[in-house]
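I opened the model today to look up one helix, its two faces and the cores around it. My notes follow in the order in which I checked things.

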Amino acid sequence: METTRGLMLCPTCWLLPAYCCCKMWHRVETRHRVCIYMHHNEWGRGINSGIALKTSGGAGVYLSGNKDMEAELKQAFDENEESVFILWPPDPEGKSSTRKAPFVSANDLPELYPDAVQKGITIVAIDATWKNARSMVKRLPDHLKRVYIKGGIDGHLPDGTASIPETSGSLLRPVRKYKGFEGRVSTLEAVVGLLRFVGESEDVCEKLLDNLKMKVDAVQAQKNQPPIYGHQIAGPAGRVASPPPPPGPEA
């Protein structure tokens, strides 16, 4: 995969080949279908988390504005509309929604839609900056249900599953800045949060989060910075990034 700057990137993790983490990623299977609706600005970004769901978990990636991909996404909706849930929070400013479909709390999914949860739901996650995501969600059918995790991800996961730091942060935060409402997390983390509410195994969820940690450490290595989460990523000639030396005495 070649970028506009002429850099060759791994086509499945979007990092420089010397820092590719694909072979390290856990491969997982889930009975739920995940569709990543991605903004074109996210395509090929090393700090993107959605691509990890495709490479390690079999998620489908559909690029906004690409007619063929959007047609494929529509087909995914048409196959079983009752089981499609768009992962989308209520307006943080408290404005009422004009959407026809109801907002459903992830906590209530197993009770309100037991058959769909048992058979496997289709999760649609919008992968974009907050500004771009708000435009993209308007392109999705009004009648499809929106599902949200009450209170956000942190501190609102089922008992015993608090793997995402309570202080707030996204696991991706060390390498990516977030704008928009407080408490934003990466696409992968949001999907994992919802998967936990619909009965996905903790083993699968933890492996997906660990894949994200590996990618963060690979990005760090690519910048010649030490790992955040302890994964040693060998770069060119097996070089591993080391902590920078302490500053010398002031002049």
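I began with the outer side of α2, where Lys67, Asp68 and Glu79 are exposed (over 50% relative accessible area, 1.4 Å probe, protein chains only). Before going further I noted that this is a predicted model, in which local features need pLDDT of at least 70, side-chain atom pairs count only at pLDDT 80 or more, and totals for chains, interfaces and linings use all residues. Residues are numbered from 1 along each chain as its sequence is written, and side-chain values use heavy atoms, with hydrogens and water left out.

On the other side of α2 I found Leu73, Ala76 and Phe77 buried, meaning under 20% relative accessible area. They lie on the same side of the helix because they cover an arc of only 100 degrees around the axis, taken from the directions from the helix axis to the C-beta atoms. The buried residues of α2 pack against β1 (33-38), β2 (60-63), β3 (84-87) and β5 (122-127), with contact meaning heavy atoms within 4.5 Å. Helices (H or I, at least four residues) and strands (E, at least two) are DSSP runs, numbered from the N terminus.

I then looked up the largest nonpolar core (buried Ala, Val, Leu, Ile, Met, Phe, Trp, Tyr and Cys residues joined through side-chain atoms within 4.5 Å), which has 54 residues, Ile36, Leu109, Ile121, Leu188 and Leu208 having the most contacts inside it. Its largest share, 10 residues, comes from α7. Apart from this core lies another, of 18 residues, among them Ala76, Met136, Leu140 and Leu144.
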